[in-house]
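Reader: I should be grateful for a close look at a single part of this model, namely a sheet and the helices that lie across its strands. Please include the aromatic residues as well.

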Amino acid sequence: METLKKEVREENIEKKIKISGAEAVIKCLLEEGVDLAYGYPGGAIMPVYDEIYKYKDKLHHVLTRHEQGAVHAAQGFARVTGKPGIVFATSGPGATNLVTGIADAQIDSTPLVCITGQVGSHLLGSDAFQETDIVGISTPVTKWNYQITKANEIPEVIAKAFYIAKSGRPGPVLIDITKDAQFEEFDFSYKKCEKIRSYKAVPKLNIDKVKEAAELINNAKKPFIVWGQGVIIGGAEEEFKKFIEKTDIPSASTALGLSALATKHPLNVGMVGMHGNYAPNVLTNQCDVLIAIGMRFDDRVTGNLETYAKQAKVIHFDIDPAEIDKNVKTDIAVIADVKESLVEVMKYIDNNEHKEWMQEFHKLYEIERKAVINDQLNPTKVGLTMGEVLNGINNETKGDAIIVSDVGQHQMFACRYADFIKTRSSVTSGGLGTMGFALPASIGAKMGAPDREVVAIIGDGGYQMTCNELGTVLQTKVPVKIVVLNNSYLGMVRQWQELFFDKRYASTEMISPNFVKLAEAYDIEAVRVSKREDLAKAIKTMIASKKSYFMEVVIEQEDNVFPMIPTGASVSDIRLS
């Protein structure tokens with residue numbers, strides 16, 4: 001009887017039904033567990049959108065106001081869930097409008113599956129209306145891409161796309177489907193992809209390298225850990241916490257690694273990088289063993305490579321062999337899934353203490369606190385500071401919110417001053433530094449984590465790049481909290497002009513519209529805060545709201561984000577003013 005049941009089940013799995021390529025696209029997504037997608041329709045993708053309409057009870061589609069907004073929203077969803085974000089766009093400008101977000105996702109290792117429509121296969125190469133070679137354009141910024149010209153290719157290609165996007169070091173994939181392939185009918189069946197010949201998503205762990213790394217760690221007098229987003233992507237937060245607590249090693253985050261470890265954990269010594277904390281930057285050049293975990297030694301982290309950690313033995317834990325020795329010479333490379341490698345290394349490391357070494361971090365933190373932090377959190381200046389706004393949000397959310405930050409000064413203030421108690425709570429554009437990221441990404445983040453408070457921190461410049469996505473907020477009623485820190489400048493560029501270009505503020509002063517009226521036009525409750533005595537109450541009201549809410553805070557115009565490592569300088573040359 002059991003054998004008969006098994007045969008019936010297998011027969012059902014292999015059973016083929018004749019459907020269009022467009023319907024096959026939707027069925028493939030449903031097979032992969034997708035129930036949410038972002039996009040913008042157009043002529044070349046219209047057959048797929050017709051099927052989205054038919055399957056609207058199973059697949060919720062969010063109409064953004066621009067394709068770039070769709071891809072950033074999908075990024076926000078992916079960053080808080082770990083699942084691939086799904087994006088639809090038409091051919092030509094629809095497809096090219098995705099490229100910035102795809103490039104952003106590629107450098108920040110965010111899984112996306114982007115599906116674009118294309119002109120009919122008989123028109124390819126003819127310069128037809130809205131024909132663009134999106135496969136050629138997107139090749140440098142995708143993990144994989146493919147153009148489908150026959151409907152029967154759809155199931156296998158989509159299955160492969162999901163496997164590639166999610167596996168190993170995640171990233172964006174793009175599938176371009178000609179219009180005739182969307183109309184063409186074929187016998188449909190679907191099988192998830194579990195491996196691809198010649199593609200090794202997760203390298204095999206070398207136990208000898210683990211043992212070598214453990215020996216170095218056990219014998220280190222001044223070890224220092226820098227962790228990145230790889231800890232979050234690998235779901236290794238608990239293993240990482242146990243590792244640092246057993247070894248008692250001071251640990252600092254990259255901008256993308258924030259929230260993998262609670263902000264107030266006693267071994268969390270802050271953030272490294274150009275606007276990171278004073279102690280971890282300076283002491284990078286004094287540690288004897290530097291342990292990099294799930295990070296890629298970005299130039300904003302290392303500063304001048306000629307002077308970066310030259311005194312230290314370097315251990316690099318990473319899943320991507322391409323990152324080993326790319327920027328910083330590694331003494332021991334542990335190439336594997338970070339969760340697996342941390343579990344394994346724990347078998348060989350000793351319980352340890354580094355109290356005197358930790359005191360060095362505490363001493364330098366006190367210097368930074370007196371020179372920088374106090375003036376941000378308890379300012380004596382008349383104008384409001386970005387730091388005190390972030391601190392006010394911390395007071396109301398208790399570090400339990402997802403903070404989605406745009407790019408610029410406010411981004412660095414958010415990274416430095418936001419408190420996090422849960423993983424996947426910091427969402428920002430790291431490697432590409434895409435202004436306009438935060439508003440659409442916050443929409444996706446809230447949809448991915450509907451039970452959590454989502455606060456977008458945006459500058460007046462970046463906000464105006466994608467504020468059209470207020471229309472998406474209006475239509476979806478997604479309750480995001482939007483905070484625009486308005487200093488009437490492109491703040492980060494202005495800071496550089498002040499420090500390095502003799503205050504020649506070339507094209508950085510910004511005259512903006514009435515942001516409150518703009519929000520209200522989209523039926524979003526809004527407030528403008530310009531006085532310190534009004535700030536706490538305004539933040540409390542915003543966080544308490546069950547609906548979307550907009551708050552503009554007028555910031556001191558020439559307030560700068562410090563510390564700062566000047567371009568080309570050593571991390572130990574970090575400036576406090």
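Author: Helix α19 (residues 438–448) lies across β15, β17 and β18 in this predicted model, and α19 runs at about 175° to β17. Helix α18 lies across β15, β16, β17 (454–459) and β18 (481–486), with an angle of about 140° to β17.

The strands beneath this description belong to an open sheet of 6 strands with parallel pairing, in the order β16-β15-β17-β18-β20-β19. Its edge strands, β16 (426–428) and β19 (525–529), each pair on one side only. From one strand to the next, the twist averages 15°. At the β16 edge, strand β15 (residues 402–405) runs parallel to β16 and is joined to it by 3 bridges. Ser-405 of the model stands opposite Thr-428 in β16.

Helix α18 (residues 409–417) also carries two aromatic residues, Phe-413 and Tyr-417, which are separated by about one helical turn because they are 4 residues apart. Phe-413 is buried, with a relative accessible area of 1%, and Tyr-417 counts as buried at 8% relative accessibility.

The structure holds 14 aromatic pairs. In the pair of Phe-413 and Tyr-417, the ring centres are 6.0 Å apart and the planes meet at 20°, so the pair is stacked; planes under 30 degrees apart count as such. Another pair, Phe-186 and Phe-188, is edge-to-face, at 6.2 Å centre to centre and with 80° between the planes. Both Phe-186 and Phe-188 are buried.

Key
Residues are numbered from 1 along each chain as its sequence is written. This is a predicted model: local features need pLDDT of at least 70, side-chain atom pairs count only at pLDDT 80 or more; totals for chains, interfaces and linings use all residues. Side-chain values use heavy atoms; hydrogens and water are left out. Rings of Phe, Tyr and Trp (its six-membered ring) pair if their centres lie within 6.5 Å; planes under 30 degrees apart count as stacked, over 60 as edge-to-face and the rest as tilted. Buried means under 20% relative accessible area, exposed over 50%, partly exposed in between (1.4 Å probe, protein chains only). Two strands pair if DSSP finds at least two bridges between them. Axes are lines fitted to C-alpha atoms, for helices over the stretch in contact, and angles run from 0 to 180 degrees between N-to-C directions. Contact means heavy atoms within 4.5 Å.
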